[in-house]
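Open the model in your viewer and keep the sequence panel beside it. We will go from one selection to the next, and at each stop you will hear what is there.

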Amino acid sequence: MARAMVTQFGMSDVGSIAIDDGGFGGPNYSEDLNSKIDSAIKNISDECFQTAWNLLETHRDCLDRVAEELCEMETITGDRLREIIAQYTEVPEKMAVV
């Protein structure tokens with residue numbers, strides 16, 4: 001996903017580029033550009049990892065409670081999951097399917 005963000009959608013400091021992987025012949029761009037692409041992919045991956053880690057740490061008590069419930073029951077409904085989460089944070093109302 002990070003590679004597509006950089007090479008297809010221009011969502012990085014590399015710039016607004018859209019390049020393909022070159023098929024069987026491999027990519028057809030310079031080593032400098034390849035290095036910039038790799039660096040941008042690593043930056044996106046590292047940032048997303050840190051965001052996920054922070055979310056897990058912040059909500060660890062809630063995650064542990066959900067895990068306990070799953071160990072006991074093996075499955076839980078969406079409503080039960082919302083009940084558990086509501087003990088730790090505000091849960092938005094369930095949206096109706098249109």
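The tour begins with the whole chain and then moves to individual helices and residues.

**The whole chain**

Keep in mind that this is a predicted model. Colour the chain by secondary structure: there are four helices and zero strands, so-called α-α-α-α when read from the N terminus. Now colour by accessibility: of the 98 residues, 12% count as buried. If you display contacts between residues at least 6 apart in sequence, 31% of them join residues at least 24 apart.

**Helix α2**

Select residues 31–58, which form α2. Its 28 residues should span 40 Å at 1.5 Å a residue, and because the end C-alpha atoms are 40 Å apart, the expected and modelled spans agree. Next, show the side chains of I37, A40, I41 and I44, which are buried in this helix. Their spacing along the sequence invites a general reminder. An α-helix has 3.6 residues a turn, so residues three or four places apart point the same way. What do the buried residues of α2 pack against? Bring in residues 2–7, helix α1, and you have the partner: the buried residues of α2 pack against α1.

**The largest nonpolar core**

Add A2 and V6 to the four side chains already on screen, and you are looking at the largest nonpolar core, made of A2, V6, I37, A40, I41 and I44. Both α1 and α2 supply at least two of its residues, with the largest share, four residues, coming from α2. Centre the view on I41: leaving out residues up to four places away in sequence, I41 touches A2, R3 and V6.

**Where α3 meets α4**

Move on to residues 60–73 for α3 and 78–86 for α4. Two packed helices are described by the angle between their axes and the distance between the axes. Here the angle is about 145° and the axes are 9 Å apart, in a right-handed crossing. Show C62, R65, V66 and E69 on the α3 side, and R80, L81, I84 and I85 on the α4 side, to see the residues that meet. This contact holds five nonpolar residues, no polar ones and three charged ones.

**Last stop: E69**

Stay in α3 and select E69. Is E69 buried or exposed? At 8% relative accessibility, under the 20% cut-off, E69 counts as buried. Setting aside neighbours within four places in sequence, show what E69 is in contact with: E74, I76, R80 and I84.

How values were computed:
Residues are numbered from 1 along each chain as its sequence is written. This is a predicted model: local features need pLDDT of at least 70, side-chain atom pairs count only at pLDDT 80 or more; totals for chains, interfaces and linings use all residues. Side-chain values use heavy atoms; hydrogens and water are left out. Axes are lines fitted to C-alpha atoms, for helices over the stretch in contact, and angles run from 0 to 180 degrees between N-to-C directions. A crossing is left-handed if the near helix is turned anticlockwise from the far one by less than a right angle, and right-handed if clockwise. Contact means heavy atoms within 4.5 Å. Ala, Val, Leu, Ile, Met, Phe, Trp, Tyr, Cys and Pro count as nonpolar, Asp, Glu, Lys and Arg as charged, and the others, Gly among them, as polar. A nonpolar core is a set of buried Ala, Val, Leu, Ile, Met, Phe, Trp, Tyr and Cys residues joined through side-chain atoms within 4.5 Å. Buried means under 20% relative accessible area, exposed over 50%, partly exposed in between (1.4 Å probe, protein chains only). The expected span of a helix is 1.5 Å times one less than its number of residues.
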